[in-house]
There are 2 protein chains.
Amino acid sequence: MFSDTASTPYVAAIFSSMRTDDDEVGYGRMAARMDELAAQQPGYVGIESARDPDGFGLTVSYWASEADALQWKQVAEHLGAQQTGRDRWYRRYIVRIASVHRQYEWQRDDS
Amino acid sequence: MFSDTASTPYVAAIFSSMRTDDDEVGYGRMAARMDELAAQQPGYVGIESARDPDGFGLTVSYWASEADALQWKQVAEHLGAQQTGRDRWYRRYIVRIASVHRQYEWQRDDS
C-alpha cells in the first residue's frame, strides 16, 4: 500500500520485474518475507508494490540514504532471495536508484 | 512493460495511486491515451506501470530532465485527466519526483 514517506530528500530503489510462471506459492512467501525483513533494516522508510495480471510488477522501496539502500541489497537472506529470483521467479528485471527531492499527495475527502 | 532507459542521470516521476471502483472503462481509455500522449512530449524516456487487483497501482514515467517532467504535468489534456482522476478515478495518490543516478538490469538467457 502507500508508504508514508517523510520529508525529502530520501532514496527510492525502483525494482521493475517480469515474473516467470514458476512457483507462485514460493514467490508469494518470499515477497511477504522480504517486506517484513526490509522493515527491520536501518534507514527503512517504506515499500510500495503492484503487479499486473500478466506478470509485470513494480516495487519501490524507500530509504533514508543510499548507504541504507545498498546495505539492504547485501543482507544475507535478501541475497538468497535475489539468487532464487534469477533461478526461478524472474524473466527480467531492472533496478534504478534515485534520489527523491519533491513530493505531493492528494486524498479524497470521504476516504 | 519495461522502459529501456538510457544513460543516467534522468528523472523518474513515481505516481502511486489507489483506484475507486468507478468507471473502469473510462479509466482504461484515459490510461492508454495518457501513455500515448506522454510518448509525444519533449524529453520522454519511457513509462512503466502495474496495478494490483485490489486497485493499488504504480506508474513510473521517465524523463530526460525535471523541466520535461514538469511540462508533462501541465499539458492541457493531461491536466484534464488529472482533474477527472480526482473527481472519479482515485481515492488517493502520491507523486514523487526523483533523480535516477544508477541502474542495472538482468535478463534470463532463454527469454
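## Backbone details ahead of the helices

Asp23(B) sits in the loop between β1 and α1 (24-38) of chain B, where helices (H or I, at least four residues) and strands (E, at least two) are DSSP runs numbered from the N terminus. Phi of Asp23(B) is near 60°, a positive value in a residue other than glycine. In chain A, Asp23(A) lies in the loop between β1 and α1 (24-38), and its phi is positive as well, at about 60°, although Asp23(A) is not a glycine.

A word on conventions: this is a predicted model, in which local features need pLDDT of at least 70 and side-chain atom pairs count only at pLDDT 80 or more, while totals for chains, interfaces and linings use all residues. Residues are numbered from 1 along each chain as its sequence is written, chains are lettered from A and ligands numbered from 1 in the order in which they are written, and side-chain values use heavy atoms, with hydrogens and water left out.

## Cis peptide bonds

If you scan omega, look at the segment before β1 of chain A, where Pro9(A) is placed. Thr8(A) and Pro9(A) are joined by a cis peptide bond, with omega at about 0°. Chain B has a cis bond between Thr8(B) and Pro9(B), again with omega at about 0°, and Pro9(B) is found in the segment before β1 (10-19) of that chain.

## A hairpin in chain A

β2(A) and β3(A) pair in the antiparallel sense over 7 bridges; two strands count as paired if DSSP finds at least two bridges between them. Within this pairing, Ala50(A) stands opposite Leu58(A) in β3(A). The two strands form a hairpin with 4 residues between them, and Gly55(A) in the turn has a positive phi of about 105°.

## How the two chains meet

The contact (heavy atoms within 4.5 Å) takes 52 residues from chain A and 52 residues from chain B. Together the chains bury about 4700 Å², 57% of it on carbon and sulfur atoms; buried area here is the accessible area (1.4 Å probe) that two parts lose on being put together, summed over both.

There are 8 salt bridges across the interface, each being a side-chain nitrogen of Lys or Arg within 4 Å of a carboxyl oxygen of Asp or Glu. Asp4(B) forms a salt bridge with Arg92(A), their closest N and O atoms being 2.9 Å apart. On the side of chain A that touches chain B, at least two residues each come from β1 (10-19), β2 (44-51), β3 (56-63), α2 (66-74), α3 (76-89) and β4 (90-107). The largest share of that side, 18 residues, comes from β4(A). Its residues divide into 23 nonpolar, 13 polar and 16 charged; Ala, Val, Leu, Ile, Met, Phe, Trp, Tyr, Cys and Pro count as nonpolar, Asp, Glu, Lys and Arg as charged, and the others, Gly among them, as polar.

## Strand pairing and symmetry

β4(A) also pairs across the interface: 15 bridges join it to strand β4 (residues 90-107) of chain B, and the two run antiparallel. Here Arg102(A) stands opposite Ile97(B) in β4(B).

A turn of 180° and a shift of 0.0 Å along the axis lay chain A on chain B with an RMSD of 0.0 Å, using least squares on the C-alpha atoms of residues with pLDDT of at least 70 in both copies. That is the relation of a two-fold axis. The same surface serves both copies, as 100% of the contact residues of chain A recur in chain B.
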